[in-house]
Amino acid sequence: MINTHEILETITMIQDEHLDIRTVTMGISLLDCMDADIDKACDKVYNKIVNTAKNLVPVCNEIETELGIPIINKRISVTPIGIIASACKDQNPVKFALTLEKAAQTVGVNFIGGYSALVQKGFAGADLELIKSIPEALAVTDHVCSSVNIGSTKAGINMDAVALMGKIVKECAEKTADRQCIGAAKLVVFCNAPDDNPFMAGAFHGVGEPDVVINVGVSGPGVVRSALAKHSEGLDLTGVAELIKRTAFKITRMGQLVAQEASKRLGYPFGIVDLSLAPTPAIGDSVAYILEEIGLECCGSCGTTAALAMLNDAVKKGGVMASSRVGGLSGAFIPVTEDAGMIHAATIGALSIEKLEAMTAVCSVGLDMINIPGDTTAEVISALIADEAAIGMVNSKTTAVRVIPAIGKDVGDELDFGGLLGNGPVMKISKYSPAKFISRGGQIPAPMQSLKN
Amino acid sequence: MRAVITVVGKDSVGILAKVSAKCSESNVNVHDVTQSVLEDMFCMIMITDITNINKSFGDFSAEMDALGKDMGLSIHVMHETIFNSMHRI
């Protein structure tokens, strides 16, 4: 029998501490929609998505009402369009982006991810055409998200793709300069991209996945922070880690319950729960505040990387026991513009891009939602991507870059995207040129870590 | 199947009566009630059986929400599963 204390704890978590299910993401394979005629392929894509996902939003709303836990986003991820477009090469792949947009609007999801290409070892099929079309695709759509995997521990880093992506990121921002450069906020450049990630903008449906699958991403930085605020006084760091673990367990149980319910009601298999601490710009729902609660004056100070490493590990240890299947990115996110504490730290100059880079070595993602000066060269962006990919490649983990060149703006100015994407200051980035390094191209060979057999 | 109804707000006459009347009208059986009044703050937790509920759970929840708004209280109805999954292995 559940007791009053437990009931009140759950209700406080949901009502006061922003506990929510961040996303229920339906992964849909489009492999059976390939066609040499791009218009026919688009028709098949539209019909498959609309038929498969027609109940996604109503079912999630129903679960939300019954369980009383908010499900913030309902999303769709699809097979990387670079693969689907291979059958209709030399035709404009933006047609696929417009089709995804139309399908997303029809079924009412918040985002659709998968305008993607996997090029860690080289370009195949329509990959190159797709990548070159990303700036236009993201400028003419609102709900479509794009990602490109340019490296992996097994393959090394495709530096030709890295060089290209620097230009693409910049072009995405330029094409949407009148809308706070939002195009670049919908594009992620990955190393070791997971096939089952439910979070945007990097979600796509990997080729080894089933036809349709339900993945769930949980949230809850506010709950962890509040547990630390209430119960961590006098604890040493072993005790703090234990407290985070216990809280992460409870958060993840919510995700597991919702994932099972959604899977049962929609009639598609449950894939994974992504054990992530995903912040929102809401005050209190911040990963930076957790680090500060652990004992730092401000996120970005010395000690930030160590505290984050402990947090990330404790979240995984607590979550893994709570879910039957775990996957995706799983760990703490550190997107600057989406986290009130990070925005503050970046604004007062306590948090730099270099510190964020160190932090990405011990948490689940990478340099995420960082505004950089609009005059940053494509080569600098490419080199930033290469640095981040190297961290991922060597440490056998996912890393990513989602930076937004703030066109016409400089350090101290601000970009405001609104909603979950938040707002934040333009941060300083090294201006010394890596142009010669980037122009060499080629492949950084896979590291020794890849030879595990 | 059981649901948990929580009522929090300023104390006034007839809160329990009105909430339980709504339960009765919806054929929801009240199993257990815990309530406390701290200064003038009223807090009640009701464990109910919704097996034979005569409307959809969503409608019941919406009606309770509306009743709460009328009375200046916050009333939430949640399935018991969420508490069990969070607090029991």
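Into which domains is chain A divided? In this predicted model, chain A splits into domain 1 (25-191) and domain 2 (217-450). The close-ups below start there and then move on to chain B and a few backbone oddities.

**View 1. Domain 1 of chain A meets domain 2 of chain A.** Taken over C-alpha atoms, the centres of the two domains sit 22 Å apart. The contact brings together 41 residues of domain 1 and 47 residues of domain 2. On the domain 1 side, the elements that give two or more residues are β1 (21-28), α3 (56-67), β4 (144-152), β5 (156-158), α7 (159-175), α8 (182-185) and β6 (187-191) of chain A. Helix α7(A) hands over the largest share, 11 residues. Sorted by class, this side of domain 1 has 26 nonpolar, 10 polar and five charged residues.

**View 2. Chain A touches chain B.** Each chain puts in its part here: 17 residues from chain A and 17 residues from chain B. On the chain A side, α1 (4-15), α3 and α10 (237-266) are the elements that give two or more residues. That side of chain A is made up of seven nonpolar, five polar and five charged residues.

**View 3. Helix α2 of chain B has a buried face.** Helix α2 (residues 57-71) has 15 residues, which at 1.5 Å a residue should span 21 Å, and its end C-alpha atoms are indeed 21 Å apart. Its buried residues are B:F57, B:F60, B:S61, B:M64 and B:G68. Look down the helix axis and these buried residues fall within an arc of 95°, so they line one face of α2(B). The spacing fits a general rule: an α-helix has 3.6 residues a turn, so residues three or four places apart point the same way. The buried residues of α2(B) pack against α3 of chain A, along with β1, α1 (15-25) and β4 of chain B. Over on the other side of α2(B), B:A66, B:K69 and B:D70 are exposed. After the helix comes B:G72, with a positive phi near 70°.

**View 4. Strand β1 of chain B pairs with two strands, β3(B) and β4(B).** Strand β1 (residues 2-10) and strand β3 (residues 41-49) of chain B run antiparallel, joined over nine bridges. With strand β4 (residues 73-79) of chain B, β1(B) makes an antiparallel pairing over seven bridges. B:T6 is a handy residue to look at: its bridge partner in β3(B) is B:I45, and in β4(B) it stands opposite B:H76.

**View 5. A:A314 sits in helix α12 (residues 304-322) of chain A.** Is A:A314 buried or exposed? It counts as buried, because 21 C-beta neighbours lie inside 10 Å and the cut-off for burial is 20 or more. Leaving out residues up to four places away in sequence, A:A314 touches A:A241, A:I244, A:K245 and A:A248. A:R246 is 68 residues away from A:A314 in sequence, yet their C-alpha atoms are 8.6 Å apart.

**View 6. Chain A has some backbone oddities, including a cis peptide bond from A:M200 to A:A201.** Most residues other than glycine have a negative phi, and most peptide bonds are trans. The cis bond has omega near 10°, and A:A201 lies in the loop between β6 and β7 (212-218) of chain A. A:H18, not a glycine, has a positive phi of about 60°; it lies in the loop between α1 and β1 of chain A and counts as buried, with 23 C-beta neighbours inside 10 Å. A:Q180 also has a positive phi, near 60°. Its place is the loop between α7 and α8 of chain A, and with 22 C-beta neighbours inside 10 Å, A:Q180 counts as buried.

Conventions: Residues numbered from 1 in each chain as written. Chains lettered and ligands numbered in written order. Predicted model: local features only at pLDDT ≥ 70, side-chain atom pairs only at ≥ 80, totals over all residues. Domains from an automatic or database assignment. Contact = placed C-beta atoms within 7 Å. Helix = DSSP H or I, 4+ residues; strand = E, 2+ residues; numbered from the N terminus. Nonpolar A, V, L, I, M, F, W, Y, C, P; charged D, E, K, R; others polar. Pairing = 2+ DSSP bridges. Expected span 1.5 Å × (residues − 1). Buried ≥ 20, exposed ≤ 12 C-beta atoms within 10 Å, placed from the backbone. Arc of directions from axis to C-beta.
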